[in-house]
Amino acid sequence: VGKESSSGYSATMTFLHFANCVGLALGPVGVLFKALGVSERGGTRSFLSGAAGFFLTQLAKLILAAILFSSYDVNANTFSWSQEIAATIFSVIDIVGAWWFLSKAGGASQDVKLVSFGLGWALGINLAQYGPGLWIDARSLQFSWDHIQNALHANVSTVLSISFVFLVWMLTTAKKGEAAATQPIVNAAVLLLVLLDSVTKYLRVNQGIEEWALIAFRATWTGCLALLTRMLYSTSK
């Protein structure tokens, strides 16, 4: 009886840990979707376009990478300048993909469409980057802070994705007057956003920075970019 009770308790705690990690990683997207009234304001189509657009864009990147770089090897435990430069160049595909799918999304006002599309893009990123790890590892009996950390990284990615969509819109929309004068700042903001993953990987692999510090670093970088994006968007309207 004691072993059965212990086994049941362990299974319960494992499930609660898994549910907590999944809720922390994906919950903010759902909370924002509901709180902002995306469906009530006609943004559901844009939301779905953002999620589908992300996955199709990543598929295109994988195909191009396989064609152009047959020996390209991604290893999270090593840092290579050539690979990071290639990854930065390939980020252009993300920009083009986001722009194309965003231009096809409709059924909402501009502000709602951009936010909805950004939430969909964020959901795609979180499912692709953090979903498999949570599903496979977070259900194990052994507790690990890695899953909580990945969930927090997913929260940062949500804000980053929304900023990315607004920046892509400003980058690809013709500007006049005061808005045109801010275009170099928009370009710089896009570059800073694209470089974040490479800088994070460099700090993790080459400098040995611990994960909690990296989360704080990414959150600060993303927060500054989000504020800058909001200021630029206000000017461009």
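These entries record what I looked up about one pocket and three helix pairs in a predicted model.

**Entry 1: the second largest pocket**

I began with the second largest pocket, which holds about 380 Å³ of space. I then asked which residues lie nearest its centre, and found Val-115, Ile-162, Phe-166, Ala-226 and Arg-230, out of a lining of 13 residues. Going by element, I noted that helix H4 (110-129), helix H6 (145-172) and helix H9 (211-236) are the ones that give two or more residues to this lining. H9 supplies the largest share, five residues. By class, I recorded eight nonpolar, three polar and two charged residues in the lining of this pocket.

**Entry 2: H6 against H9**

Since H6 and H9 both contribute to that lining, I looked up how these two helices pack, and found their axes 9 Å apart at an angle of about 20 degrees. Angles under 35 degrees count as roughly parallel, and H6 and H9 are therefore roughly parallel to each other. I noted the crossing of H6 and H9 as left-handed. The residues of their contact divide into 18 nonpolar, seven polar and two charged.

**Entry 3: H8 against H9**

I next turned to the pairing of H9 with helix H8 (residues 183-205), where the axes come within 11 Å and cross at roughly 175 degrees. Because an angle over 145 degrees counts as roughly antiparallel, I entered H8 and H9 as roughly antiparallel to each other. On the H8 side the contact includes Ile-185, Val-186, Ala-189, Leu-192 and Leu-193, together with Asp-197 and Arg-204. On the H9 side I listed, among others, Glu-211, Leu-214, Phe-217, Arg-218 and Trp-221. By class, I recorded 14 nonpolar, two polar and four charged residues in the contact of H8 with H9.

**Entry 4: H3 against H4**

Lastly I went to H4, another contributor to the pocket lining, and looked up its packing with helix H3 (residues 81-104), for which the angle is about 130 degrees and the axes lie 11 Å apart. How should this pair be described, given that angle? H3 and H4 are oblique to each other, because 130 degrees falls in none of the ranges for roughly parallel, roughly perpendicular or roughly antiparallel. I noted their crossing as right-handed. In H3 the residues that meet H4 are Asp-94, Ala-98, Phe-101 and Leu-102, and their counterparts in H4 are Lys-113, Leu-114, Phe-117 and Trp-121. By class, this contact has six nonpolar, no polar and two charged residues.

Conventions:
Residues are numbered from 1 along each chain as its sequence is written. This is a predicted model: local features need pLDDT of at least 70, side-chain atom pairs count only at pLDDT 80 or more; totals for chains, interfaces and linings use all residues. Side-chain values use heavy atoms; hydrogens and water are left out. On a 1 Å grid over the protein atoms alone, a cavity is a set of points where a 1.4 Å probe fits but cannot get out, and a pocket is an open set with protein on both sides within 12 Å along at least five of seven lines; lining residues have an atom within 4 Å of a point. Grid points are joined across faces, edges and corners, and a volume is the space filled by probe spheres set on the points. Helices (H or I, at least four residues) and strands (E, at least two) are DSSP runs, numbered from the N terminus. Ala, Val, Leu, Ile, Met, Phe, Trp, Tyr, Cys and Pro count as nonpolar, Asp, Glu, Lys and Arg as charged, and the others, Gly among them, as polar. Axes are lines fitted to C-alpha atoms, for helices over the stretch in contact, and angles run from 0 to 180 degrees between N-to-C directions. Angles under 35 degrees count as roughly parallel, over 145 as roughly antiparallel, 65 to 115 as roughly perpendicular and the rest as oblique. A crossing is left-handed if the near helix is turned anticlockwise from the far one by less than a right angle, and right-handed if clockwise. Contact means heavy atoms within 4.5 Å.
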